[in-house]
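Please examine the sequence and the structure shown below. The paragraphs that follow lead through selected contacts step by step.

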Amino acid sequence: MGQGDEIHITASIGISLFPQHGGDPDILISYADVALSQAKAEGRGCFAYYSEELTLAARKRIELETRLRKAIEQHELRVFYQPQIDIDSGRIIGAEALLRWLDPVEGVISPVQFISLAEETGLILEIGEWVLRETCRQGKQWLDAGLSPLTLAVNVSAHQFRRSDIGALVTKVLSETGFPAEQLELEMTESGLMESQDKVMGLLNKLRALGVRFAIDDFGTGYSSLAYLKHFPLDSLKIDKSFIDDIPHMQDDMEIAATIIAMGHMLGFKVLAEGVETVEQLAFLQSKGCDAYQGYLQSKPVPPDEFVKLLSWHGLKLS
Ligand code: C2E
Ligand code: MG
Ligand code: MG
């Protein structure tokens, strides 16, 4: 930095009040610190006042983080599989790998409850790597057991793109496990793609050259920018469940779903609908030419052994 360069400094401020919040200087400072974390979380140059709920929320977060770290060490994480079905043939063509935390006391904990915390704390790097390796390991085991080849889809967080070399990781895991690259699909959200476009582009091209496929998850809820659909080497769009939920009652949602299907096809993508729960929804999607779906209508995400049973009911038996 040279002389005369302008530097802009911003401040985040956490505020605790005497005597409302306490009479002891140490306590007031620790409360101001809690408020400061809140101010920082709200963005740069903000201020926040201390409140009891903040301490409670901060405490709960720390508690959950500690439990999650222990869960990783004690092998309490599992991958469940939700079948993806080809609409025309009705056959299972793949599965989405979905993370579950089997807590000995609370039972099954949904990823909705801990993925964002894992992202904030950086634990997502370790967890994401584990999910990828476990899914590829399982996929290879199924192939070796004579199961028909299926595409297995793994969710990849934007944080993994930002903070780790996902290209190197996928290459390593594929070679370690022997799972064929053509059977691996990575699901990313629109925000993940938009954040570091040049970096992501290089990475997608590299992995795609190996045969790995890419899907946009929750399509329609983010930027839904047509520019990036054209720009990035993608294979499929997953229509977000929120557009499927009110079919056939909400005209708007039906039009949005039909438009995504038509647009996706025009751009050369496969289109899959998420969260299909009723035969009416499926019939509508079929009438619009949607390629595939997943949802409770067919099955919830299930443990690997139940997934194999599902396959055998579908005639995709172990040979
Ligand atoms: P997603 O990737 O969009 O996954 C679809 C979610 O919809 C799953 O929730 C699935 O169980 C649920 N779902 C599927 N069909 C139906 C249906 O018919 N009705 C209803 N009500 N729900 C349905 P889940 O498993 O709780 O996962 C939630 C989110 O957590 C996922 O959304 C994904 O964003 C994230 N997630 C899950 N596993 C991983 C992971 O390994 N890595 C990362 N980064 N994120 C993950
Ligand atoms: Mg997904
Ligand atoms: Mg989704």
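A network of salt bridges links Glu96, Glu187, Lys238 and Glu274. The model in which this network appears is a predicted one. In total, the structure holds 14 salt bridges.

Within the network, the side chains of Glu96 and Lys238 form a salt bridge, with N and O 2.8 Å from each other. Glu96 belongs to strand β4 (residues 92–103) and Lys238 to strand β9 (residues 236–239), so this pair ties together parts that are 142 residues apart in sequence. Are these two residues buried or exposed? Glu96 has a relative accessibility of 3% and counts as buried. Lys238, at 2%, is buried as well, because a residue counts as buried when its relative accessible area is under 20%.

Another member of the network, Glu274, leads to a metal site. The magnesium ion (ligand 3) is coordinated by oxygen atoms of Asp217, Asp218 and Glu274, at 2.0 to 2.5 Å. Glu274 appears twice among the donors of this ion. Along the sequence, the donor residues follow the spacing D-D-x55-E. Asp218 lies in strand β8 (residues 213–219), while Glu274 is found in the loop between β10 (270–273) and α12 (279–287); the two are 56 residues apart, and the pair links distant parts of the chain. Glu274 is buried, with a relative accessible area of 10%, whereas Asp218 is partly exposed at 26%. A further ion belongs to this picture: the magnesium ion (ligand 2) is 4.1 Å from the magnesium ion (ligand 3), and Asp217 coordinates both.

Two further salt bridges involve helices. The side chains of Glu176 and Arg133 meet in one of them, with an N to O distance of 3.0 Å. Glu176 is part of helix α6 (residues 166–177) and Arg133 part of helix α4 (residues 123–144), so the contact ties together parts that are 43 residues apart in sequence. Both partners are partly exposed: Glu176 has a relative accessibility of 48%, and Arg133 has a relative accessible area of 25%.

In the other salt bridge, the closest N and O atoms of Arg208 and Asp235 are 2.9 Å apart. Arg208 lies in helix α8 (residues 197–210) and Asp235 in the loop between α9 (226–231) and β9, so the pair ties together parts that are 27 residues apart in sequence. Here Arg208 is partly exposed, at 34% relative accessibility, while Asp235 is buried, at 14%.

Note on methods: Residues numbered from 1 in each chain as written. Chains lettered and ligands numbered in written order. Predicted model: local features only at pLDDT ≥ 70, side-chain atom pairs only at ≥ 80, totals over all residues. Heavy atoms only, no water. Donors = N, O, S within 2.8 Å, 3.2 Å for Na, K, Ca; no water. Helix = DSSP H or I, 4+ residues; strand = E, 2+ residues; numbered from the N terminus. Buried < 20%, exposed > 50% of the residue type's maximum accessible area, 1.4 Å probe, protein only. Salt bridge = Lys/Arg side-chain N within 4 Å of Asp/Glu carboxyl O.
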